[in-house]
Amino acid sequence: AVLAVLVVLGAPPAAGEELSGVFQHLTMYECHFINGTERVRFVDRYIYNREQYVHFDSDVGVYVGDTPYGEEMWARPRNRDKQFMKRMRAVADTVCRHNYELVTPFSVERRVPPSVSISLVPSSSQPGPGRLLCSVMDFYPAPVQVRRFQDGQELPEHVVATDVVPNGDWTYQVLVLLESPPRRGVTYSCQVEHVSL
Ligand SMILES: *[C@@H]1O[C@H](CO)[C@@H](O)[C@H](O)[C@H]1NC(C)=O
């Protein structure tokens, strides 16, 4: 999980005035959680006009310049400030671990079960009975397994499926097509395995 703060500097131009330039200063504070809070890493980045010029990585423990300017003007003065550096080295514990407890219930532990349906889609390229489509909608998190059965027999792994698509609202969907046209008297089913179920 990543927490980020964006700061954009610059006043909007007055009416009729030409915009002389766009300047962007971006500060990113990242908490990396590896296997829960077993290992926590904090990274602090400073980026001007898309160029990172200095960063702090808790695995390293000091600021490191990514450009000569960043090294001279930011990394060295900060690294000399003992009190400040003590606080930065503690952020993985004081901020990241603390925030993990706060955000876990609605992020790490978020579980939304899929709604599953099977439908017949007409074949557009050739005439005929069309194909069966399994729609697995609006689930979270992304990992999912869709198995297809024909009269109780599992069909081989070879599948025509979309990628697992993010809907942009913390849910995902995937569509799986059964390759061969359905035949009368045969029962087809989709079985979905998901951590929410
Ligand atoms: C993850 O952490 C748990 C303890 O919280 C530990 O038992 C387990 O072995 C760890 N898994 C990995 C893959 O490191």
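This short talk walks through one protein chain, from its overall form to its helices, its aromatic rings and a few points of its backbone.

Please keep in mind from the start that what we are looking at is a predicted model. The protein chain has 197 residues, of which 29% count as buried, and its secondary structure comprises two helices and 13 strands. If you turn the model along its principal axes, the C-alpha atoms fill a box of roughly 80 × 55 × 25 Å. The radius of gyration is 26 Å, whereas a compact globule of 197 residues would come out near 16 Å. About 12900 Å² of the protein chain is exposed, and carbon and sulfur atoms supply 56% of that area. As for how the chain meets itself, if we take the contacts between residues at least 6 apart in sequence, 50% of them join residues at least 24 apart.

Let me turn to the helices, beginning with helix 1, which covers residues 68-80. From its first C-alpha to its last, helix 1 reaches 17 Å, which is close to the 18 Å expected for its 13 residues at 1.5 Å a residue. There is a bend of about 30° at W74, and a proline, P77, follows within four residues of that point. The buried residues in helix 1 are G70, A75 and R78, and what they pack against is strand 3, strand 4, strand 5 and helix 2.

Helix 2 runs over residues 82-103, and its 22 residues should span 32 Å at 1.5 Å a residue; the end C-alpha atoms lie 31 Å apart, so the expected and the modelled span agree. Helix 2 nevertheless has a bend of about 60°, placed at A90. Which residues of helix 2 are buried? They are F84, M85, M88, V91, A92, C96, N99 and Y100.

One of these, F84, brings us to the aromatic rings, because F84 belongs with F42, F56 and Y63 to one aromatic cluster. The structure as a whole holds eleven aromatic pairs. Within the pair of F56 and Y63, the ring centres are 5.2 Å apart and the planes meet at 45°, so this pair is described as tilted. Are these two residues buried or exposed? F56 has 0% relative accessibility and therefore counts as buried, and Y63, at 2%, counts as buried too.

It is worth staying with F56 for a moment, which lies in strand 4. Leaving aside residues up to four places away in sequence, F56 touches F42, V43, D44, G61, V62, Y63, M85, M88 and R89. Two of those contacts, M85 and M88, are among the buried residues of helix 2. Y46 is ten residues from F56 in sequence, and the C-alpha atoms of the two are 9.1 Å apart in space.

A further aromatic pair is formed by Y140 and W170, and here the arrangement is stacked, with 5.4 Å from centre to centre and 25° between the planes. This pair links distant parts of the chain, since Y140 sits in the loop between strand 7 and strand 8 while W170 sits in the loop between strand 11 and strand 12, 30 residues apart. The two partners differ in their exposure: Y140 is buried, with a relative accessible area of 15%, whereas W170 is partly exposed, with 45%.

Y140 also takes us to the backbone, where the peptide bond from Y140 to P141 is cis, with omega near 0°. P141 is likewise found in the loop between strand 7 and strand 8.

Finally, I would point out two residues other than glycine that have a positive phi. For R50, phi is near 70°; R50 is placed in the loop between strand 3 and strand 4, and with 79% relative accessibility it counts as exposed. For D151, phi is near 50°; D151 lies in the loop between strand 8 and strand 9, and its relative accessible area of 48% makes it partly exposed.

Key. Residues are numbered from 1 along each chain as its sequence is written. This is a predicted model: local features need pLDDT of at least 70, side-chain atom pairs count only at pLDDT 80 or more; totals for chains, interfaces and linings use all residues. Side-chain values use heavy atoms; hydrogens and water are left out. The expected span of a helix is 1.5 Å times one less than its number of residues. The bend at a residue is the angle between axes fitted to the seven residues ending there and the seven starting there. Buried means under 20% relative accessible area, exposed over 50%, partly exposed in between (1.4 Å probe, protein chains only). The radius of gyration is taken over C-alpha atoms; the globule rule is 2.2 Å times the number of residues to the power 0.38. Contact means heavy atoms within 4.5 Å. Accessible areas come from the Shrake-Rupley method with a 1.4 Å probe; for residues, only the protein chains shown count as cover. Rings of Phe, Tyr and Trp (its six-membered ring) pair if their centres lie within 6.5 Å; planes under 30 degrees apart count as stacked, over 60 as edge-to-face and the rest as tilted.
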